[in-house]
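The paragraphs below go through the structure residue by residue and then turn to its cores and cysteines.

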Amino acid sequence: MKNIETKWLQDFLILSELQNFSHAATVRNVTQPAFSRRIKSLEAELGLVLIDRSKSPIELTLCGKQFKTTAQSIIHQIDEEVSRLAGCSFLGRHTVRLSAAHSISISLLPKLHSSLFNPKLNTSLSVVANEVDDAVELLIDGKCDFLFSFYEDRLQVAPYRSIYLGRSFLYCVSAVDESGNTLYDLANNDDVPCLDYTPESYMGRALHRANSKLTSNTVCSSSMTDFIKALVLQGKGISWLPDYAIKEELASGRLKILTEREPVPLDLYVYRYYSKLHSSCEAMWNELSQVSPIKELSG
């Protein structure tokens with residue numbers, strides 16, 4: 001058993017947020033030398049280097065990022081148990097922090113209601129929806145317990161774990177005219193105006209990997225799926241759109257798929273650190289591991 005003091009864990013968590021020894025020491029109401037000694041004591045007891053002191057502002061090492069999740073879990077468990085014993089806990093519930101790509105939070109999370117909202121888990125959820133890359137960074141920085149996102153090379157290996165949740169597709173679509181015919185015809189026109197994703201966006205990178213391109217006549221680029229969808233519906237051009245974002249428009253006939261382009265698959269996962277989480281998080285992870293993969297989000 002490691003001889004670790006809880007105040008060291010709190011010191012470490014504050015330092016990871018402020019990224020400055022002097023500021024963190026002020027918040028913890030100790031001198032900077034004393035604060036630095038406490039962080040070094042924590043590292044010595046663990047036998048790990050948690051802080052990269054060569055950077056300015058300082059950064060967590062890979063071990064530090066992993067341990068941050070563990071430290072948060074330990075502090076939360078202690079606080080909740082003390083509150084429960086004191087009769088002050090809000091139904092004894094633990095808050096599970098979820099990060100998700102914006103579109104996934106709308107389309108996927110409700111499909112997982114039996115796992116996420118299982119009364120037996122006695123949890124509450126805190127969901128932060130972001131652009132894909134921002135959502136991923138929350139997990140990497142230890143600011144969420146689970147990340148719901150698309151396939152990511154760097155999250156498929158240690159120190160991360162993942163569960164495959166299902167597959168979605170990007171379809172090439174066009175708006176229609178009053179007769180229900182597509183406004184644009186790729187079969188007879190190679191210069192159709194297209195609405196593209198920015199190269200640095202997740203969708204842009206996915207399309208690049210699949211070597212999928214519409215036309216050379218790009219009239220607008222964006223990282224926002226909803227913005228591109230709005231322009232497509234206005235007839236400004238064609239674009240790739242994920243099936244879950246256009247389910248209603250396809251059903252109503254406002255959009256049609258241009259079959260000249262093959263759909264591009266998007267695999268969906270839930271990710272976490274290998275580090276042991278709060279028991280409520282572990283129970284939820286076990287629930288998620290029992291979920292049968294969703295074949296298509298639009299279904």
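In this predicted model, Ser 115 is in contact with Leu 121, Met 284, Glu 287, Leu 288 and Val 291, leaving aside its neighbours within four places in sequence. Ser 115 itself belongs to helix α6, which spans residues 113-116. Its relative accessibility is 3%, under the 20% limit, so Ser 115 counts as buried.

Leu 121 also appears among the contacts of another serine, Ser 280. Leaving aside neighbours within four places in sequence, Ser 280 is in contact with His 94, Leu 121 and Thr 123. Ser 280 lies in helix α11, residues 279-289. With a relative accessible area of 11%, Ser 280 is buried. How far apart in space are Ser 280 and Gln 77? The C-alpha to C-alpha distance between Ser 280 and Gln 77 is 10.0 Å, while in sequence the two are 203 residues apart.

The nonpolar interior comes next. The largest nonpolar core has 65 residues, and the members that touch the most others are Phe 146, Phe 148, Phe 150 and Ile 238. Strand β6, residues 160-175, gives nine residues to this core, the most of any contributor. A second core, separate from that one, holds 19 residues, including Ala 24, Leu 46, Ile 58 and Ile 75.

What does Ile 238 touch, not counting residues up to four places away in sequence? The partners of Ile 238 are Cys 172, Val 173, Ser 174, Tyr 184, Leu 186, Val 192, Pro 193, Cys 194, Leu 195, Leu 214, Val 232 and Leu 258.

Two of these partners, Cys 172 and Cys 194, are cysteines, which leads to the matter of disulfides. A disulfide is a covalent bond between the sulfur atoms of two cysteines. How many does a search of the whole structure find? The search finds zero disulfides. For Cys 172, the nearest cysteine sulfur is that of Cys 194, 8.9 Å away, and Cys 172 is in no disulfide. Cys 172 counts as buried because its relative accessibility is 1%.

Why is there no bond between Cys 281 and Cys 144? The sulfur of Cys 281 has its closest cysteine sulfur in Cys 144, and the 10 Å between them is too far for a bond; the cut-off for a disulfide is 2.5 Å. Cys 281 is buried as well, with a relative accessible area of 1%.

Technical notes: Residues numbered from 1 in each chain as written. Predicted model: local features only at pLDDT ≥ 70, side-chain atom pairs only at ≥ 80, totals over all residues. Heavy atoms only, no water. Core = buried A, V, L, I, M, F, W, Y, C linked by side-chain atoms within 4.5 Å. Buried < 20%, exposed > 50% of the residue type's maximum accessible area, 1.4 Å probe, protein only. Helix = DSSP H or I, 4+ residues; strand = E, 2+ residues; numbered from the N terminus. Contact = heavy atoms within 4.5 Å.
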